[in-house]
Amino acid sequence: MMVRALAVAGAAVSLLGGTIAQSSSALPTTPPPDKIVIDVATVNGSGCPAGTAAVAVAPDNTAFTVTYSNYLAQVGVGSKPTDFRKNCQLNLRVHVPQGFTYAIASADYRGFAHLETGAKAVQRANYYFQGSPQTDSLSHQFNGPYDDSWQATDSVSVAALVWAPCGELRNFNINTELRVNAGTSNPATTTSFMTMDSTDGDINTVYHLAWKHCP
């Protein structure tokens, strides 16, 4: 488990495709100037062992970034039977100044994949607040042959943004998953993998925020 507190500029909470009631106040506004703090309450999962995930918030408060250093799913030569699927759950505690709330407007995922002919991989994520139902998973599939960097984006239109209740502190959970399937490739002689990590630390997952005033 890694716990890290981050100072930034502030508000309340939302997610992609959730079921929390939407506020009736104005459309998204500019980020508030006041500082906020995001505490990483817990980081759990086979894709993010202790000490291998870090969260940082943009100075302009429009996004936060998660960096992984050991997020790898693979099948084939050199892999274990459980390596085909890796996951990570981030539990974030967001401290918001009075008068604002925010939503996750989009999420950008990046990494590298090597998929043999016939192999397939899936990147999947869902988002929810503590005490609320999990959202449906948003997923992106990649088919072999593939040997390159990859990027996938989950996005929500302004009209569909779901905002956290104003004045309440609820932990925000992000569940991500990488899954690799050998398909028609031969796992006895080949290896296929998908990663959300990087040896130079420049592969990040970015979550873009939308802000508005509470009524």
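## A strand-only chain and its internal links

Cys-88 is buried, with a relative accessible area of 0%. This is a predicted model, and Cys-88 is a good place to enter it. A disulfide runs from Cys-88 to Cys-48, with 2.2 Å from S to S. The count for the structure comes to 1 disulfide. The link of Cys-48 and Cys-88 is right-handed, with 100° about the S-S bond. Cys-48 sits in the loop between strand 3 (35-44) and strand 4 (53-57), while Cys-88 sits in strand 7, so the pair ties together parts that are 40 residues apart in sequence. Cys-48 also counts as buried, at 1% relative accessibility.

**The chain as a whole**

The protein chain has 0 helices and 15 strands. It holds 215 residues, and buried residues make up 49% of them. Now take the contacts in the chain with a separation of 6 or more. Residues 24 or more positions apart account for 84% of these. The chain exposes about 9600 Å², and carbon and sulfur atoms supply 52% of that area.

**Salt bridges**

How many salt bridges does a search of the whole structure find? It finds 4. Three of the pairs are set out here, with the N to O distance for each.

| Residue | Partner | Closest N to O distance |
|---|---|---|
| Glu-177 | Arg-85 | 3.1 Å |
| Arg-124 | Glu-177 | 3.5 Å |
| Asp-83 | Lys-86 | 3.8 Å |

Start with Glu-177 and Arg-85, whose side chains meet in a salt bridge. Glu-177 lies in strand 13 (residues 172-181) and Arg-85 in strand 7 (residues 85-95), so this pair ties together parts that are 92 residues apart in sequence. Glu-177 is buried, with a relative accessible area of 9%. Arg-85 counts as partly exposed, at 31% relative accessibility.

Glu-177 also forms a salt bridge with Arg-124. This pair links distant parts of the chain: Arg-124 is in strand 9 (residues 120-129), Glu-177 is in strand 13, and they are 53 residues apart. Why does Arg-124 count as partly exposed? Its relative accessibility is 25%, and partly exposed covers the range between under 20% (buried) and over 50% (exposed).

These residues belong to a network. Salt bridges link Arg-85, Arg-124, Glu-177 and Arg-179. Asp-83 and Lys-86 form another salt bridge. Are Asp-83 and Lys-86 buried or exposed? Both are buried.

**Polar residues inside**

Gln-123 is found in strand 9. Gln-123 is buried, with a relative accessible area of 0%. Leaving out residues up to four places away in sequence, Gln-123 touches a set of residues that includes Tyr-109, His-140, Trp-150, Glu-177 and Met-194.

Asn-173 is found in strand 13. Asn-173 counts as buried, at 3% relative accessibility. Which side chains form polar contacts with that of Asn-173? One is Gln-89, in a polar contact of 3.3 Å. Another is Asn-91, in a polar contact of 2.8 Å. Gln-89 and Asn-91 also appear among the contacts of Asn-173 beyond four places in sequence, along with Leu-90, Asn-126, Tyr-127, Tyr-128, Phe-129 and Gln-130.

**The nonpolar core**

In soluble globular proteins, nonpolar side chains tend to be buried together. Here the largest nonpolar core has 41 residues. Which of its residues touch the most other members? They are Phe-64, Tyr-68, Tyr-109, Trp-150, Ile-174 and Tyr-207. Strand 8 (residues 100-115) gives the most to this core, with 6 residues.

Look at Tyr-207 in detail. Not counting residues up to four places away in sequence, Tyr-207 touches residues including Phe-64, Val-66, Ile-104, Tyr-109, Tyr-127 and Ile-174. Polar residues are on its list too, among them Thr-62, Ser-106 and Thr-176.

**Trp-211**

Trp-211 lies in strand 15 (residues 204-213). Trp-211 is buried, with a relative accessible area of 1%. Where does Ile-104 stand relative to Trp-211? The two are 107 residues apart along the chain, yet their C-alpha atoms are separated by 9.1 Å.

Notes: Residues numbered from 1 in each chain as written. Predicted model: local features only at pLDDT ≥ 70, side-chain atom pairs only at ≥ 80, totals over all residues. Heavy atoms only, no water. Helix = DSSP H or I, 4+ residues; strand = E, 2+ residues; numbered from the N terminus. Buried < 20%, exposed > 50% of the residue type's maximum accessible area, 1.4 Å probe, protein only. Contact = heavy atoms within 4.5 Å. Disulfide = S-S within 2.5 Å. Core = buried A, V, L, I, M, F, W, Y, C linked by side-chain atoms within 4.5 Å. Areas by Shrake-Rupley, 256 points an atom, 1.4 Å probe, with all protein chains shown as cover. Polar contact = N/O pair within 3.5 Å; in protein donor to acceptor, adjacent residues only side chain to side chain.
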